[in-house]
Amino acid sequence: MAPSQPPQPPFATALLAGGIAGTTVDLSLFPLDTLKTRLQSHAGFFPSGGFRGIYRGVGSALVGSAPGAAFFFCTYEGVKGVLSSRRRQSRPGDPIHGGEAAGPSWEAPLEHMAAASLGEVAACAVRVPTEVVKQRAQAGLHGGSSAAALGAILAQHKTIGLTGVWRELYRGWGITVMREVPFTVIQFPLWEALKGWGRRRKGGGSVEVSAGESALYGSVSGAVAAGITTPLDVLKTRVMLSKEREKVFTVLRDLLRDHGIRPFFAGIGPRVMWISAGGAIFLGSYQWAVNALQGTLI
């Protein structure tokens, strides 16, 4: 009997497909990301540049997109494969699934949550420094240049030392992980569940979904996750754009005291639209690359 899951993408496939997906989505949706950043900026939308120069900071995004996405998918697919293998070995001889034990229905989503969370932590090692540089350029700081923004950070080594420069490049690490992990914990189990439904709809769990189907499922799951995690995204943007290092709690307290709950949903429209489209492009192009590299392009 056929296995209940399609073959796990090997390391090299996840690496290449992730790099392709990351570059594709960041190039396609950079203007919307810029508008979202300016809406969330402390200075306001128009003082930060409005609709002008919407490709400011694209250089840093390109540098970080491929390795960040590759890190994510290599970790995600690897951890998911290990956890799934251990689950099957702990329940051998399931007659319904051809020797593969399914286990309780909640086990697979928990595996996807754990794998996605670790994948995001790995990706943030690359993503956070490039995000700091990118958002400062998008907000019109340092003339809107990624190179100038990076140069300004590196030039501080004379006053704050190399450790200070390192901390400046990783400013917002905590809130970024706090935003990305909940987002991924929502998006990826939902994406995997929709893919599982798509495979069953075809009449066989071992037949992988097409790139188009994966794109549709990625769009839906991304939109849901984006709306729920918008307040965390606002906090991350404010922390990264502050002139001096500020604690997340301080930013949270000041926003609530001065403006109430409304600023926490600033940019929710562009964010949901951007990530919904991004989920389609990111997970659609990833699935296309995986199918092509494994010779199952459909």
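Q: Leaving aside neighbours within four places in sequence, with which residues is Ser-65 in contact?
A: This is a predicted model, in which local features need pLDDT of at least 70 and side-chain atom pairs count only at pLDDT 80 or more, whereas totals for chains, interfaces and linings use all residues. Residues are numbered from 1 along each chain as its sequence is written, and side-chain values use heavy atoms, without hydrogens and water. Ser-65 has its place in helix α2. With contact taken as heavy atoms within 4.5 Å, and with neighbours up to four places away set aside, the partners of Ser-65 are Gly-22, Thr-23 and Asp-26.

Q: Is Ser-65 buried or exposed?
A: The classes rest on relative accessible area found with a 1.4 Å probe and protein chains only: under 20% is buried, over 50% exposed, and in between partly exposed. The relative accessible area of Ser-65 is 4%, and therefore this residue counts as buried.

Q: How far apart in space are Ser-65 and Ser-90, C-alpha to C-alpha?
A: Ser-65, which lies in helix α2, is separated from Ser-90 by 25 residues in sequence. In space, the distance between their C-alpha atoms is 38 Å.

Q: Which residues contact Asp-233, leaving aside its neighbours within four places in sequence?
A: Asp-233 belongs to helix α8, which covers residues 230-241. Its relative accessible area is 0%, so Asp-233 is buried. Once the neighbours within four places in sequence are set aside, Asp-233 is in contact with Lys-36, Gln-40, Arg-179 and Arg-271.

Q: What is the C-alpha to C-alpha distance between Asp-233 and Glu-180?
A: Along the sequence, Asp-233 and Glu-180 are 53 residues apart. Their C-alpha atoms are nevertheless separated in space by 8.7 Å.

Q: What separation is found between the C-alpha atoms of Arg-199 and Ser-210?
A: Arg-199 sits in helix α6, and because its relative accessible area is 5%, this residue is counted as buried. Ser-210 is 11 residues away from Arg-199 along the chain, and their C-alpha atoms are separated by 9.6 Å.

Q: Which helix gives the largest share of the largest nonpolar core?
A: A nonpolar core is a set of buried Ala, Val, Leu, Ile, Met, Phe, Trp, Tyr and Cys residues joined through side-chain atoms within 4.5 Å; the largest one here has 27 residues, and those with the most contacts inside it are Phe-72, Phe-73, Tyr-76, Phe-188, Phe-282 and Tyr-286. At least two residues of this core come from each of α1 (11-40), α2 (58-90), α3 (107-138), α6 (173-201), α7 (211-228) and α10 (268-293). The largest share amounts to seven residues, and the helix that supplies it is α10.

Q: How many residues make up the other core that lies apart from this one?
A: Within the largest core, Tyr-76 is one of the residues with the most contacts; with residues up to four places away in sequence not counted, Tyr-76 touches His-112, Ala-115, Ala-116, Gly-119, Phe-188 and Glu-192. Apart from that core lies another, whose members include Val-128, Val-133, Ala-149 and Val-165, and its size is 11 residues.

Q: What pattern does the secondary structure follow along the sequence?
A: Helices (DSSP H or I runs of at least four residues) and strands (E runs of at least two) are numbered from the N terminus. The protein has 10 helices and zero strands, and read along the sequence its pattern is α-α-α-α-α-α-α-α-α-α.

Q: What percentage of contacts between residues at least 6 apart in sequence joins residues at least 24 apart?
A: The protein has 298 residues, of which 48% count as buried, and its C-alpha atoms fill a box of roughly 65 × 35 × 35 Å along the principal axes. Among contacts between residues at least 6 apart in sequence, the share joining residues at least 24 apart is 76%.
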